[in-house]
Amino acid sequence: MMKIGFRTIKTAVGVSISILLAQLLQLEYYSSAGILTLLCIQKSRKQSTQAVISRFFACLAGLLFSSVLFTLIGYHPYAFLVLLLVFIPLCVRMKIQEGIASSSVIVMHVYMHRKIEAAFFLNEFLVILIGLGVALLVNWYMPSIDKELNRCKEEVDRLIAAILKEMAAYLKEGYTMWDGKEIIQLGDALNQAKRLALLDAENNLLRKASSYEAYFETKRRQFEILDRMLPPISKITVQMEQGSRIGDFVLELSGSLGNNDSTDQFREKLHAIREYHKLLPLPESRHEFENRASLYTVANELERFIQTL
């Protein structure tokens, strides 16, 4: 069964309303209002506002510039060569290049009308106003994506907890069948979450900051820390009492994600473990030294992880 997206519905409704309004006002080239609306439907309110502003000024610039140019060199096909060679760089210079396609619609009207008169300019201004105005109004309604963002939060937390549990199992038992797929899944989930959080921020222009953006940025830092922890953990080749202690700590940490009240408690526990390790006898072999050095690196990364809680 064919699925029709919400943006498609808004586009269809917006184009219909634009053409209807322009036709009711008996404007010439009334169908072009629908084309302008079609070109302005965007993914977010911020993108829509930026698109309408750039297209509005590009259309006005195209209307005035083409009127002067066609009057000077005539209404001939080769006039478009001169027009585009000058007008496109001008739009880029004014940072309204988004509106080049929209302004081309208005330029074609100037070319076909072949007369410069006040009534024509008023007609074109109303076509622009209706086309862009309807696009802005229709696009201002954006469905909430809170459910999707909350699902992303749950998935990200689940994956981080799963990775910590696998790390704990390796530290405690010295062996695991883990294939590391959660690391890849976590990276993908965070990329998806970032896109959604950015879209949420662009749809809430009056809100100073997005709690979702801050949340997923914190999770991104945790992901980077976990990724750095994997190499030193994999270098631990023997089961040690010190490793088992840190493994118990990591296992407890995996079950308390999101509980900000326990941050100080975890910081104190890790500090106590590190102080205990300092009291142990020096390594008796290079092999033991390398394993304990890897544990030391893991403990350093755990401290950084706790700071993000």
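**View 1. Helix α8 and the helices that cover its buried side chains.** The cover over the buried residues of α8 includes α3, α7 and α9. Helices here are DSSP runs of H or I with at least four residues, and they are numbered from the N terminus. Buried means under 20% relative accessible area, exposed means over 50%, and partly exposed lies in between (1.4 Å probe, protein chains only). Among the buried residues of α8 are Ile183, Leu186, Leu190 and Leu196, and also Glu182, Asp200 and Glu202. How far apart are the end C-alpha atoms of α8? They are 32 Å apart, which agrees with the 32 Å expected for 22 residues at 1.5 Å a residue. The expected span of a helix is 1.5 Å times one less than its number of residues.

Before you move on, please note that this is a predicted model: local features need pLDDT of at least 70, side-chain atom pairs count only at pLDDT 80 or more, and totals for chains, interfaces and linings use all residues. Residues are numbered from 1 along each chain as its sequence is written, and side-chain values use heavy atoms, with hydrogens and water left out.

**View 2. Helix α7 and what lies over it.** Helix α7 covers residues 146-173, and its end C-alpha atoms are 40 Å apart, in agreement with the 40 Å expected for its 28 residues. Its buried residues include Leu149, Cys152, Val156, Met167 and Leu171. Covering the buried residues of α7 are helices including α8 (181-202), α9 (211-234), α10 (241-254) and α12 (286-307). Look just after α7 and you will find glycine 174, with a positive phi of about 75°.

**View 3. Helices α2 and α3 crossing.** Two packed helices are described by the angle between their axes and the distance between the axes. For α2 (residues 31-40) and α3 (residues 45-73), the axes come within 9 Å and cross at roughly 140°. That makes α2 oblique to α3. Axes are lines fitted to C-alpha atoms, for helices over the stretch in contact, and angles run from 0 to 180 degrees between N-to-C directions. Angles under 35 degrees count as roughly parallel, over 145 as roughly antiparallel, 65 to 115 as roughly perpendicular and the rest as oblique. On the α2 side, the contact (heavy atoms within 4.5 Å) is made by Leu36, Leu39 and Cys40. Helix α3 brings Ser48, Ala51, Val52, Arg55 and Cys59. The buried residues of α2, which include Ser32, Leu36 and Cys40, pack against α1 (6-24), α3, α5 (100-113) and α6 (118-139).

**View 4. Two cysteines without a bond.** Why do cysteine 40 and cysteine 59 not form a bond? Their sulfurs are 7.8 Å apart, too far for a bond. A disulfide is a pair of cysteine sulfur atoms within 2.5 Å, and a search of the whole structure finds zero disulfides. Cysteine 40 is buried, at 0% relative accessibility, and cysteine 59 is buried with a relative accessible area of 0%.

**View 5. Arginine 267 in helix α11.** Arginine 267 sits in α11 (residues 263-278) and is partly exposed, with a relative accessible area of 39%. Leaving aside neighbours within four places in sequence, arginine 267 is in contact with Ile306 and Gln307. Arginine 267 and glutamate 303 are 36 residues apart in sequence, and their C-alpha atoms are 7.2 Å apart in space.

Conventions
Helix = DSSP H or I, 4+ residues; strand = E, 2+ residues; numbered from the N terminus.
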